[in-house]
Amino acid sequence: MSDCIFCKIINGEIPSTSVFQDEQTYAFRDIAPAAPTHILIVPKQHIDSVNAMTEADEQVIGHLFNVARQIAAQEGLSEPGYRLIINTNANAGQTVFHIHLHLLGGRQLKAMG
Ligand code: 5GP
Ligand code: ZN
């Protein structure tokens, strides 16, 4: 998607602080971190949101969680703990319509609500 900010980050048009990448996935630090560790894990393939997922995307989306597990370990978060979030549409506060998994940690996180 030519006007998608995360597609531009993936292809290097917009700079980012890379944390991890493989064939399917790119992970980078959030520009406005909400916790000491705040990393966004995205599929290189453009998918708007969970609402736009199909069965064909199950493997690539599942892979985001396995990558998150590895990054959490690298960041020293496995034992203290961390939170994984995917926002979908307005009520959840989704602002970028390229599906992404937030990895948050490094402090006590407040209860969800
Ligand atoms: P959402 O609210 O859609 O779940 O999350 C979008 C996230 O992307 C936000 O946490 C926001 O700070 C982050 N973000 C937006 N634009 C950029 C950018 O250009 N670079 C980086 N690294 N993060 C961004
Ligand atoms: Zn995109």
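How many nonpolar, polar and charged residues does the shell around ligand 1 have? I shall answer that at once: by class, there are 8 nonpolar, 6 polar and 2 charged residues in this shell. Please bear in mind, colleagues, that the model before you is predicted.

Let me begin with the place that ligand 1 occupies. Ligand 1 sits in the largest pocket. Two elements, α1 (5-10) and β2 (25-29), each contribute two or more residues to the shell around ligand 1. Of these, α1 provides the largest share, with 3 residues. In total, 16 residues surround ligand 1. The closest of them are Asp-30, Asn-87, Thr-95, His-100 and His-102.

I turn now to the polar contacts. Thr-95 places a polar backbone atom 2.7 Å from an oxygen atom of ligand 1. Val-96 also takes part through its backbone, with an N or O atom lying 3.0 Å from an oxygen atom of ligand 1. In the case of His-102, a polar atom of the side chain lies 2.8 Å from an oxygen atom of the ligand. As for how far ligand 1 is enclosed, on its own it has 520 Å² of accessible area, and the protein covers 83% of this.

Finally, I would draw your attention to β2, which contributes to the shell and also has a strand partner. Strand β1, residues 18-21, pairs with β2 in the antiparallel sense over 3 bridges. Within this pair, Gln-21 stands opposite Tyr-26 in β2. What joins β1 to β2? The connection is a hairpin, which runs through 3 residues.

With that, I conclude my presentation, and I thank you for your attention.

Key. Residues are numbered from 1 along each chain as its sequence is written. Chains are lettered from A and ligands numbered from 1 in the order in which they are written. This is a predicted model: local features need pLDDT of at least 70, side-chain atom pairs count only at pLDDT 80 or more; totals for chains, interfaces and linings use all residues. Side-chain values use heavy atoms; hydrogens and water are left out. A residue is near a molecule or strand if one of its heavy atoms lies within 4 Å of it. A polar contact is a pair of N or O atoms within 3.5 Å; within protein, one must be able to donate a hydrogen and the other to accept it, and residues adjacent in sequence count only if both atoms are side-chain atoms. Accessible areas come from the Shrake-Rupley method with a 1.4 Å probe; for residues, only the protein chains shown count as cover. On a 1 Å grid over the protein atoms alone, a cavity is a set of points where a 1.4 Å probe fits but cannot get out, and a pocket is an open set with protein on both sides within 12 Å along at least five of seven lines; lining residues have an atom within 4 Å of a point. A molecule sits in a cavity or pocket if more than half of its atoms lie within 2 Å of its grid points. Helices (H or I, at least four residues) and strands (E, at least two) are DSSP runs, numbered from the N terminus. Ala, Val, Leu, Ile, Met, Phe, Trp, Tyr, Cys and Pro count as nonpolar, Asp, Glu, Lys and Arg as charged, and the others, Gly among them, as polar. Two strands pair if DSSP finds at least two bridges between them.
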